[in-house]
Amino acid sequence: MLSIGEFSKISHLTLKTLRYYDEIGLLKPACTDATSGYRYYNVSQLETALLITRLKNYLFTLEEIKVIFTNWQDADLFQAKMKAKQENLTQQITCYSSLLKKLELDIQLLKEEKTIMGYLNQIDIKLVDHLKLNILSQRKQINISDFLMHFNELFSKVVFKKLRPAANPLAIFHSAEYVPENYDVEIAIPIVETTNETKVFNPGLCAMATLIGSYDELPSIHTKLHAWIEENHYKLSGAPFEVYQTDPHTTQEENTIIEIYFPIK
């Protein structure tokens, strides 16, 4: 048997960490002295401690590790969770790789004594009179991460009712502030047929910019649109909306094309 101190020294886990693992039921000592409260561990538990550290290095949370240990006999579940973590880490690596490239470009601009915000000048703003559309729409308070699910519900309705899309789908954003967990979004599909469920969408005059690539650039587009509207003495006259020139379900992020419209007067 190993005292908690000896176990700590071998496993490189602090006493505080071992006590916490005991408290949450992740790694309980083999026995605890009833009089002194001292914890003792079996040598075989060192391997468990190593596994916990290994999984933590893979960025598993302690709760996720507990689930794995609780279902330790389910090899398929363990493998599935490892593969899911692999996919998540791959996505993070891709994200950080992209950020690193942007950082390198910004550092180069700074070396050349240029502003790193100059990219805003590359955003082209157009004044357009948007077409009047007959739309079938669905408005909900959603978590923004469920955006595509919201889209799928409306597309399924269009297919079920055998309606014919007349133009690219769009989304109208009604929220007064950015609350991604509870966003007021109206998904709409322009429809050929006029029914008792369709309505006219007529935003009129709009300031428009096109996003090509990552959704992360949306705040930059919005910033440039607001600046342009103010500089040209217009005022917002309705909820902003996006028109999807590429399929949001199948298009890779770097190839995404979205037109962003701000109704103005």
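**View 1. Gly25, just after helix H2, takes a positive phi.** In this predicted model, the phi of Gly25 is about 80°. Keep that glycine in sight as we step back along the chain to the helix before it, H2, which spans residues 15–23.

**View 2. The buried side of helix H2 is made of Leu18, Tyr21 and Asp22.** Looking down the axis of H2, you will find these buried residues within an arc of 100°, so they line one face of the helix. The general rule is handy here: an α-helix has 3.6 residues a turn, so residues three or four places apart point the same way. Turned away from the buried side, the other face of H2 carries Lys16 and Glu23, which are exposed.

**View 3. Several elements help cover the buried residues of H2.** Among them are three helices, H1 (4–11), H3 (45–57) and H4 (62–70), together with strand S3 (39–41).

**View 4. Residues 1–71 carry a UniProt domain annotation.** The unreviewed UniProt entry lists this stretch as "domain: HTH merR-type". Across residues 1–71 the chain is 55% helix and 10% strand, and the C-alpha atoms at the two ends lie 26 Å apart.

**View 5. A nonpolar patch on the surface brings together Leu110, Ile116, Met117 and Tyr119.** Together these four side chains' residues have about 360 Å² of accessible area. Let's pause at Tyr119, which sits in the loop between helix H5 (75–111) and strand S4 (126–129). With a relative accessible area of 35%, Tyr119 is partly exposed.

How values were computed: Residues are numbered from 1 along each chain as its sequence is written. This is a predicted model: local features need pLDDT of at least 70, side-chain atom pairs count only at pLDDT 80 or more; totals for chains, interfaces and linings use all residues. Side-chain values use heavy atoms; hydrogens and water are left out. UniProt positions are given in the numbering used here, feature names are shortened, and annotations may be inferred rather than shown by experiment. Helices (H or I, at least four residues) and strands (E, at least two) are DSSP runs, numbered from the N terminus. Buried means under 20% relative accessible area, exposed over 50%, partly exposed in between (1.4 Å probe, protein chains only). The arc is that of the directions from the helix axis to the C-beta atoms. Contact means heavy atoms within 4.5 Å. Patches are made of residues with over 30% relative accessible area and no salt bridge: like charges are joined within 9 Å, nonpolar side chains (Val, Leu, Ile, Met, Phe, Trp, Tyr) within 5 Å. Accessible areas come from the Shrake-Rupley method with a 1.4 Å probe; for residues, only the protein chains shown count as cover.
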